[in-house]
Amino acid sequence: MVHVVIIGAGIGGLPTAYELRRLLPKSHRITLISDNPKFTFIPSLPWVTFDLTPLENIQIDIEHLLWRRGIDWVEGKVTNFDPHAQTLYISGKNIPGKTIHYDYAVSAAIYLCVALYRLHYK
Ligand SMILES: Cc1cc2nc3c(=O)[nH]c(=O)nc-3n(C[C@H](O)[C@H](O)[C@H](O)COP(=O)(O)OP(=O)(O)OC[C@H]3O[C@@H](n4cnc5c(N)ncnc54)[C@H](O)[C@@H]3O)c2cc1C
């Protein structure tokens, strides 16, 4: 059994979680982590800006999308990771100081990638 974590539940992260769930045997665990409980369809934001549709029309609760698909959900902000220990550090309102161990990690949160790259490799 391997544990794959995906950080970020935007247009990149959410389909990645779906595809990995489709491709990997059920014995492998997939966890999606994001600091926002809602998926927002970003390309439609101008409609919201110009008052052509309410924000709720382009958002959906992520937990609701995942519960029947066999993908675990963690709402929290990834603040650091230890690539040698394969551990992510996550903070959030209800999860102060949580750590998650992973076998494989996918980052679909670009600013996090840049920050962690600078922290660990520069
Ligand atoms: C107005 C507009 C129109 C667009 N139109 C198109 C289009 O027509 N076609 C097209 O291909 N692209 C379009 N784009 C670009 C497209 O929307 C983006 O490329 C896409 O949303 C990027 O998705 P992403 O998942 O990589 O990042 P994001 O959508 O930024 O998602 C990242 C997720 O990671 C979470 N996150 C960030 N940091 C952390 C952390 N430290 N811990 C946990 N979670 C974290 C965020 O909350 C977010 O949910 C458009 C963009 C805009 C603004």
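In this predicted model, 57% of the contacts in the chain between residues at least 6 apart in sequence join residues at least 24 apart. One pair of residues illustrates the relation between sequence and space: Gly-12 and Lys-77 are separated by 65 residues in sequence and by 17 Å in space, C-alpha to C-alpha.

**Overall architecture**

The chain contains four helices and nine strands. Along the sequence these elements follow the pattern β-α-β-β-α-β-α-β-β-β-β-β-α. The C-alpha atoms occupy a box of roughly 50 × 35 × 25 Å along the principal axes. The chain has 122 residues, of which 21% count as buried.

**The antiparallel sheet**

An open sheet is formed by three strands in the order β6-β7-β8, with antiparallel pairing. Strands β6 and β8 (98–101) lie at the edges with a single partner strand each, so one side of each has no neighbour in the sheet. From one strand to the next, the twist averages 25°. Strand β6 is joined to β7 (residues 87–91) by five bridges, and these two strands run antiparallel. Within this pairing, Asp-82 has Thr-87 of β7 as its bridge partner.

**The shell around the ligand**

There are 22 residues around the ligand, and those that come nearest are Gly-8, Gly-10, Gly-12, Pro-43 and Ala-109. The composition of the shell by class is given below.

| Class | Residues in the shell |
|---|---|
| Nonpolar | 14 residues |
| Polar | six residues |
| Charged | two residues |

Several secondary structure elements contribute to this shell: β2 (29–34), α2 (45–49), β6 (77–82) and α4 (110–121) each supply at least two residues. Helix α4 provides the largest share, with three residues. Strand β6 therefore has two roles in this description, as it supplies at least two residues of the shell and also stands at an edge of the sheet, so one side of β6 is left without a neighbour there.

**Gly-12**

Among the residues that come nearest to the ligand is Gly-12. Gly-12 lies in the loop between β1 (3–7) and α1 (13–23). Is Gly-12 buried or partly exposed? Gly-12 has 15 other C-beta atoms within 10 Å; because a buried residue requires 20 or more and an exposed residue 12 or fewer, Gly-12 is classed as partly exposed.

Key: Residues are numbered from 1 along each chain as its sequence is written. This is a predicted model: local features need pLDDT of at least 70, side-chain atom pairs count only at pLDDT 80 or more; totals for chains, interfaces and linings use all residues. A residue is near a molecule or strand if its C-beta atom, placed from the backbone, lies within 6 Å of it. Ala, Val, Leu, Ile, Met, Phe, Trp, Tyr, Cys and Pro count as nonpolar, Asp, Glu, Lys and Arg as charged, and the others, Gly among them, as polar. A residue is buried if 20 or more other C-beta atoms lie within 10 Å of its own, exposed if 12 or fewer, and partly exposed in between; C-beta atoms are placed from the backbone. Two residues are in contact if their C-beta atoms, placed from the backbone, lie within 7 Å. Two strands pair if DSSP finds at least two bridges between them. Axes are lines fitted to C-alpha atoms, for helices over the stretch in contact, and angles run from 0 to 180 degrees between N-to-C directions.
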